[in-house]
Amino acid sequence: MSNQGNIELLSATLAKAKSEDRAALVAYLPAGFPTVDGAIEAAKSIIAGGADVVEIGLPHSDPVLDGAVIQTADDIALRGGVKIADVLRTVRETFEATGVPILVMTYWNPIDRYGVERFTAELAAAGGAGCILPDLPVQESALWREHAAEHGLATVFVVAPSSRDERLATITAAGSGFVYAASLMGVTGTRESVGNEAQELVRRTRTTTELPVCVGLGVSNAVQAKQVAGFADGVIVGSAFVKLLLDAPDERAGLAAVRALAGELAEGVRRS
């Protein structure tokens, strides 16, 4: 019997949030930042504050989809020598301490080098719920999806406002767990118009799938979380947590800060 991952736990967690008339709060942190142990403590603090799901980033030397804050954290982690084994330990220890679904967010190259079968087996054994794969083309994902399904892991693909409708349908048909809708807040136009763009992306995505749609939008406070919770199944927050850890005078202060922000965001995603 192969080790089974926690895709069912992920689905149940997202369904529970929906039954409580709220969006799920999904937090992102890179493994190995500020240290491997520090990242585990930060993840536990964010969960204690109210996060429903955590994404652990596998630091990459060229994180093309990430902004400056996460690139800085990735750089610190990489200089600290973070390895895939450390990412898997981060998943395992965070899951064992909290029972919350933990995903890995990673570019494809490190998994390809490590070995798909090996990575999926080890992620499932660590209690992982799945992977978010922002740069793996759906048409090249069959091997990954086969092993992920065998091990009870979600395959979360990323859609963007630039994705055409037929492309959206192809992506969502291949994915599982949830759909990651990526939209940038405050890069083009006003925040309101970008919010509308994200809302439109969620609407278009929902016409193609029953999967929950979670939005990564540059959300950094409870007001923005409430705005996104008004139209999405989950609100993904990453840079805001990482920035607090980067700016903290010491580890204890950083942990207190991320826990407090998670609490504020957890209030924000409650729609009433």
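The sulfur of Cys214 lies 16 Å from the closest cysteine sulfur, that of Cys131, which is too far for a bond. This separation comes from a predicted model, and the same pairing holds in the other direction, since Cys131 has its closest cysteine sulfur in Cys214 at 16 Å. A disulfide would need two cysteine sulfur atoms within 2.5 Å, and the structure holds zero disulfides. Cys214 counts as buried, at 0% relative accessibility, and Cys131 likewise counts as buried at 0%.

**The nonpolar core and the α4/α6 pair**

The largest nonpolar core has 93 residues, and the members that touch the most other members are Phe119, Trp144, Phe178, Val215, Val235 and Phe241. In soluble globular proteins, nonpolar side chains tend to be buried together. Which residues does Phe119 touch, if those up to four places away in sequence are not counted? Phe119 touches Leu58, Ile84, Leu88, Val104, Ile111, Tyr114, Cys131 and Trp144, a list that brings in one of the two cysteines discussed above.

Phe119 also takes part in the meeting of two helices, in which Ile84, Leu88 and Val91 of α4 meet Phe119, Glu122 and Leu123 of α6. Two packed helices are described by the angle between their axes and the distance between the axes. Here helix α4 (residues 84-98) and helix α6 (residues 116-125) pack at an angle of about 30°, and their axes are 9 Å apart. That angle makes α4 roughly parallel to α6.

**Two buried threonines**

Helix α4 also holds Thr90, a residue that is buried with a relative accessible area of 0%. The side chain of Thr90 reaches the backbone oxygen of Asp86 at 2.7 Å, and, leaving aside neighbours within four places in sequence, Thr90 is in contact with Ala31, Val36, Ile40 and Ile56.

Thr172 has its place in helix α8 (residues 165-174) and counts as buried at 4% relative accessibility. A polar atom of the side chain of Thr172 lies 3.4 Å from the backbone oxygen of Ala169. Not counting residues up to four places away in sequence, Thr172 touches Val179, Thr205, Thr208, Thr209 and Leu211.

**Residues brought together from separate parts of the chain**

The table gives C-alpha to C-alpha distances for three pairs of residues, together with their separation along the chain.

| Pair | Separation in sequence | C-alpha to C-alpha distance |
|---|---|---|
| Ile46 and Ala256 | 210 residues | 9.1 Å |
| Val82 and Ala31 | 51 residues | 7.5 Å |
| Pro59 and Gly32 | 27 residues | 7.9 Å |

Ile46 is in helix α2 (residues 36-49) and is buried, with a relative accessible area of 1%. Its contacts, not counting residues up to four places away in sequence, are with Ala27, Leu29, Ala51, Phe241, Val258 and Ala262; of these, Phe241 is also among the core residues named for touching the most other members.

Is Val82, in the loop between α3 and α4, buried or exposed? Val82 is buried, with a relative accessible area of 13%, and, not counting residues up to four places away in sequence, touches Ala31, Gly32, Val36, Pro59 and Ala77. Pro59 is found in another loop, between β2 (53-57) and α3 (68-79), and counts as buried at 6% relative accessibility. When neighbours within four places in sequence are left aside, Pro59 is in contact with Pro30, Ala31, Asp74, Ala77, Leu78, Val82 and Val87. Ala31 therefore appears in the contacts of Val82, in those of Pro59 and in those of Thr90, where contact means heavy atoms within 4.5 Å.

**Backbone geometry**

Most residues other than glycine have a negative phi, and most peptide bonds are trans. Against that background, a cis peptide bond joins Phe33 and Pro34, with omega about 0°. Pro34 is found in the loop between β1 (24-30) and α2, the helix in which Ile46 has its place.

Asp21, a residue other than glycine, has a positive phi near 55°. Its place is in the loop between α1 (7-19) and β1, and, at 46% relative accessibility, Asp21 counts as partly exposed.

Notes
Residues numbered from 1 in each chain as written. Predicted model: local features only at pLDDT ≥ 70, side-chain atom pairs only at ≥ 80, totals over all residues. Heavy atoms only, no water. Buried < 20%, exposed > 50% of the residue type's maximum accessible area, 1.4 Å probe, protein only. Core = buried A, V, L, I, M, F, W, Y, C linked by side-chain atoms within 4.5 Å. Helix = DSSP H or I, 4+ residues; strand = E, 2+ residues; numbered from the N terminus. Polar contact = N/O pair within 3.5 Å; in protein donor to acceptor, adjacent residues only side chain to side chain. Axes fitted to C-alpha atoms, helices over the stretch in contact; angles between N-to-C directions. Parallel < 35°, antiparallel > 145°, perpendicular 65-115°, else oblique.
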